[in-house]
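Please follow the account below with the coordinates open beside it, since each paragraph takes up one topic and names the residues to look at.

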Amino acid sequence: MIPILRVHKPGLHTTVQDLGRYGLQSMGVPVSGALDTTALRIANHLVGNEPTIAALEVLGAGPVLEVTTESVRIAVAGGKALIELLSPYRRQLPTFESFCLHRGDVFCIGPVTDMAMTYLSVEGGLDRKSTRLNSSHALISYAVFCLKKKKQTNKKKQQKKITTQCPIIYRVT
């Protein structure tokens, strides 16, 4: 795995999504996946990925990300949002086009204005494959359950100061 993006700010609701999982509904597992599968497919096509590859689904205000690899090709497709390079110098980046960013470039996805979501696809895909359910998307109700359960088991640790590191997004090699 190669680290490609460092998350400085996660945005309002940014998740990793693919086209969902099929064939498990009889066991109570929802299909889930991307809300706008057409936009996900377009973003993947623009960077040369297979349509089924996971991407970041951005709802509302988007994340602030920094490139940590030599260079990376990305594309943003879906709802209208301002994509802005913040450093080394400020400029607007295109949507519905692929473009290359380089190590140290920091960019953000502004609020999505005309739809609920937009998709950020990375050439080569994201490494977030669930080995148990054969899908890369985040199941939000499961994540909320895990957070609540962790809170209940760690009541004694609440007095300790919690420090967090910036999450890093990896590419499959």
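In this predicted model, the side chains of E70 and R103 come together in a salt bridge, with an N to O distance of 3.1 Å. The pair connects distant parts of the chain, for E70 sits in the loop between β4 (64-67) and β5 (71-78), while R103 sits in the loop between β8 (98-102) and β9 (106-109), and the two are 33 residues apart. E70 itself is exposed, its relative accessible area being 55%. A salt bridge is also formed by the side chains of R90 and E84, here with an N to O distance of 3.6 Å, and R90 counts as exposed at 56% relative accessibility. The count of salt bridges in the structure comes to 2.

The backbone has two features that deserve a look. S87 and P88 are joined by a cis peptide bond, with omega at about 15°, and P88 has its place in the loop between β6 (83-87) and β7 (91-93). The other feature is at F96, which is not a glycine and yet has a positive phi of about 55°. F96 belongs to the loop between β7 and β8, and with a relative accessible area of 42% this residue is partly exposed.

How are the strands of the open sheet ordered? The sheet has 5 strands in the order β2-β3-β10-β5-β8, and their pairing is antiparallel. The edges are taken by β2 (13-17) and β8, each of which has a single partner strand, so one side of each is left without a neighbour in the sheet. On average, and with direction ignored, neighbouring strands of this sheet are turned by 30° against each other. At the β2 edge, the antiparallel pairing with β3 (residues 55-59) extends over 5 bridges, and within this pairing T15 stands opposite E57 of β3. Helix α1 (residues 37-46) lies across β2, β3, β5, β8 and β10 (117-122), and the helix runs at about 150° to β5.

From the sheet and helix one can turn to the nonpolar interior. The largest nonpolar core has 24 residues, and those with the most contacts inside it are I74, L101, F107 and L120. At least two residues of this core are supplied by each of β1 (2-9), β3, β4, β5, β6, β8, β9 and β10. Another core, of 10 residues, lies apart from it and includes A39, A43, A55 and L59. Around I74, if residues up to four places away in sequence are not counted, the residues touched are V47, E97, S98, F99, L101, F107, L120, S121 and V122.

The cysteines complete the picture. The structure holds 0 disulfides, a disulfide being a covalent bond between the sulfur atoms of two cysteines. C100 is partly exposed, with a relative accessible area of 33%, whereas C108 counts as buried at 14% relative accessibility. The value for C108 lies under the 20% limit for buried residues, and therefore C108 falls into that class, while the value for C100 lies between 20% and 50%, which means that C100 is classed as partly exposed.

Methods: Residues numbered from 1 in each chain as written. Predicted model: local features only at pLDDT ≥ 70, side-chain atom pairs only at ≥ 80, totals over all residues. Heavy atoms only, no water. Salt bridge = Lys/Arg side-chain N within 4 Å of Asp/Glu carboxyl O. Helix = DSSP H or I, 4+ residues; strand = E, 2+ residues; numbered from the N terminus. Buried < 20%, exposed > 50% of the residue type's maximum accessible area, 1.4 Å probe, protein only. Disulfide = S-S within 2.5 Å. Pairing = 2+ DSSP bridges. Axes fitted to C-alpha atoms, helices over the stretch in contact; angles between N-to-C directions. Contact = heavy atoms within 4.5 Å. Core = buried A, V, L, I, M, F, W, Y, C linked by side-chain atoms within 4.5 Å.
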